[in-house]
Amino acid sequence: MAARLLSYEVADLCLGKPPLASLPVSATVGDALAALKSCEDNFISVWSCDHSKNNLNSNECFCIGKICMVDIICYLCEEDNLFSPSLVLNSPVSVLLSKVKGLVRHVGPSSSLLEAIDLILQGAQNLVVPIRSNSKRKQLQKSSSTIHNGCEFCWLTQEDVIRFLLSSIGLFSPIPTLSIDTLGIISTEFLAISYHSPVGAAVGAISRSLVEQTSVAVVDDDGILIGEISPFILTACDEGVAAAIVTLSAGDLMAYIDCGGPPEEISRVIKARLKERNLEKILDQFIMTTSEPHIATIVSNSSSSSDDELPSPTTTTTFSRSGRYSRSSSYSARMVRRAEAIVCRPGSSLVAVMVQAIAHRVNYVWVIEDDCSVVGIVTFYNMLEIFRQNLESIV
């Protein structure tokens with residue numbers, strides 16, 4: 001059984017996976033926004049080939065990155081972009097791609113499970129894999145925009161690999177039953193922001209947490225975990241949440257996305273603060289009132305924040321301690337959880353934390369003490385390091 005686990009190929013993990021939704025690198029931010037709103041996946045792949053030029057079978061087709069709604073939201077929140085949302089939407093989609101190299105890697109379907117894990121531990125977040133399909137299916141989908149190099153692709157994530165390993169968790173005994181503290185996989189460095197601090201100061205941290213596949217903890221003055229600002233949650237919002245980010249505190253933003261729609265009082269605060277910053281014309285142009293009076297949908301970013309009203313970047317710090325649907329509002333029913341953080345204890349077993357993260361569709365779990373103070377964070381990356389160390393030894 002153990003030898004069979006090592007014999008699995010990447011293609012075995014791809015069974016049933018849908019083809020990647022994609023955009024050419026020649027697309028604009030507006031194109032990306034429209035694609036994300038009509039796509040069932042949170043992420044869209046960006047390719048170097050341009051299908052508008054009948055380049056379906058080009059050997060030069062290559063996935064160069066991925067984007068999600070959070071990339072657009074953070075880009076809209078940049079100071080230089082606050083006053084020109086229309087120009088932002090006409091910017092090339094390449095401005096949204098992460099500068100971190102190697103987040104997306106192409107692999108062959110016959111690559112081994114070990115090779116896939118090694119690539120992830122080297123920094124890859126998504127492994128792009130050709131989908132093995134019969135010729136009849138290829139003919140039926142010949143005109144599909146999902147075809148590159150004459151075939152379709154899917155991708156594997158850290159979650160996919162963790163789910164696969166969980167199906168054979170008994171082979172790793174007794175490691176799964178050991179505590180995460182004993183295994184030493186609790187990372188004591190994490191991103192955090194004070195509950196009362198303006199979220200505008202945390203845009204950089206939100207972008208970083210997206211790249212690291214973690215989150216930004218919202219804490220009080222004593223380091224007690226109140227909640228989080230999670231990229232996972234923000235992917236379910238529309239671009240209008242950018243207005244909330246640049247006008248609200250961390251606590252208010254949590255309330256904004258936590259109630260099935262922004263409370264009427266918070267919506268009024270956002271509008272008032274936008275007007276205070278001399279954005280009334282943009283406000284009138286881009287805010288559309290929906291049939292639900294407590295929700296204001298901002299079609300394009302129409303907010304700004306003056307330099308003297310935002311704290312310095314040090315407000316957001318890295319703590320190190322030893323111990324198919326419509327995005328008709330800034331909150332979407334697509335969300336499967338709210339701003340409440342997913343937590344465990346240092347004494348929680350590895351398998352319990354794995355199941356907890358998978359159940360909530362997140363790549364991490366916060367670790368807290370009995371008084372709810374934050375100890376650190378455990379990620380799928382940390383877990384994969386442990387499994388990789390023991391994979392070859394179980395044969």
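Helices and strands are DSSP runs, helices (H or I) of at least four residues and strands (E) of at least two, and they are numbered from the N terminus. In this predicted model, that numbering places Gln213 in the loop between helix H10 (203-212) and strand S9 (216-219).

**Exercise 1. Backbone at Gln213 and Arg361**

Task: Determine which sign phi has at Gln213 and at Arg361, and decide whether Gln213 is buried or exposed.

Solution. Begin with the general expectation: most residues other than glycine have a negative phi, and most peptide bonds are trans. Gln213, which is not a glycine, nevertheless has a positive phi of about 55°. With a relative accessibility of 17%, and with buried meaning under 20%, Gln213 therefore counts as buried. Turning to Arg361, also a residue other than glycine, one finds a positive phi near 55°. Arg361 is placed in the loop between H16 and strand S15 (364-368), and its relative accessible area of 44% makes Arg361 partly exposed.

**Exercise 2. The peptide bond before Pro174**

Task: State what kind of peptide bond joins Ser173 and Pro174, and where Pro174 is placed.

Solution. The bond joining Ser173 and Pro174 has an omega of about 10° and is a cis peptide bond. Pro174 itself is found in the loop between H8 and helix H9 (180-183).

**Exercise 3. The packing of H8 with H16**

Task: Describe how H8 (residues 158-166) and H16 (residues 350-359) pack, and which residues make the contact.

Solution. Two packed helices are described by the angle between their axes and the distance between the axes. For H8 and H16 the angle is about 130° and the axes are 11 Å apart. Angles over 145 degrees would count as roughly antiparallel and those from 65 to 115 as roughly perpendicular; the two helices are therefore oblique to each other. The crossing in which H8 passes H16 is left-handed. On the H8 side the contact is made by Glu159, Ile162, Arg163 and Leu166, and on the H16 side by Val351, Met354, Val355 and Ile358. Sorted by class, the contact of H8 with H16 has six nonpolar and two charged residues, with no polar ones.

**Exercise 4. The packing of H6 with H8**

Task: Work out how H6 (residues 113-121) is oriented relative to H8, and how many residues of each class their contact has.

Solution. The axes of H6 and H8 cross at roughly 135° and come within 11 Å, which makes H6 oblique to H8. H6 passes H8 in a left-handed crossing. From H6 the contact involves Leu113, Ile117 and Ile120, while H8 contributes Gln158, Val161, Phe164 and Leu165. The contact of H6 with H8 divides into six nonpolar residues and one polar residue, with no charged ones. As a last step, consider the covering of H8: seven of its nine residues are buried, namely Gln158, Glu159, Asp160, Val161, Ile162, Phe164 and Leu165.

**Exercise 5. The surroundings of Glu228**

Task: Decide whether Glu228 is buried or exposed, and identify which side chains it meets in polar contacts.

Solution. Glu228 lies in strand S10 (residues 225-229). Its relative accessible area is 0%, so Glu228 is buried. The side chain of Glu228 is joined to that of Ser215 by a polar contact of 2.9 Å, and to that of Tyr364 by a polar contact of 3.0 Å.

Technical notes. Residues are numbered from 1 along each chain as its sequence is written. This is a predicted model: local features need pLDDT of at least 70, side-chain atom pairs count only at pLDDT 80 or more; totals for chains, interfaces and linings use all residues. Side-chain values use heavy atoms; hydrogens and water are left out. Axes are lines fitted to C-alpha atoms, for helices over the stretch in contact, and angles run from 0 to 180 degrees between N-to-C directions. Angles under 35 degrees count as roughly parallel, over 145 as roughly antiparallel, 65 to 115 as roughly perpendicular and the rest as oblique. A crossing is left-handed if the near helix is turned anticlockwise from the far one by less than a right angle, and right-handed if clockwise. Contact means heavy atoms within 4.5 Å. Ala, Val, Leu, Ile, Met, Phe, Trp, Tyr, Cys and Pro count as nonpolar, Asp, Glu, Lys and Arg as charged, and the others, Gly among them, as polar. Buried means under 20% relative accessible area, exposed over 50%, partly exposed in between (1.4 Å probe, protein chains only). A polar contact is a pair of N or O atoms within 3.5 Å; within protein, one must be able to donate a hydrogen and the other to accept it, and residues adjacent in sequence count only if both atoms are side-chain atoms.
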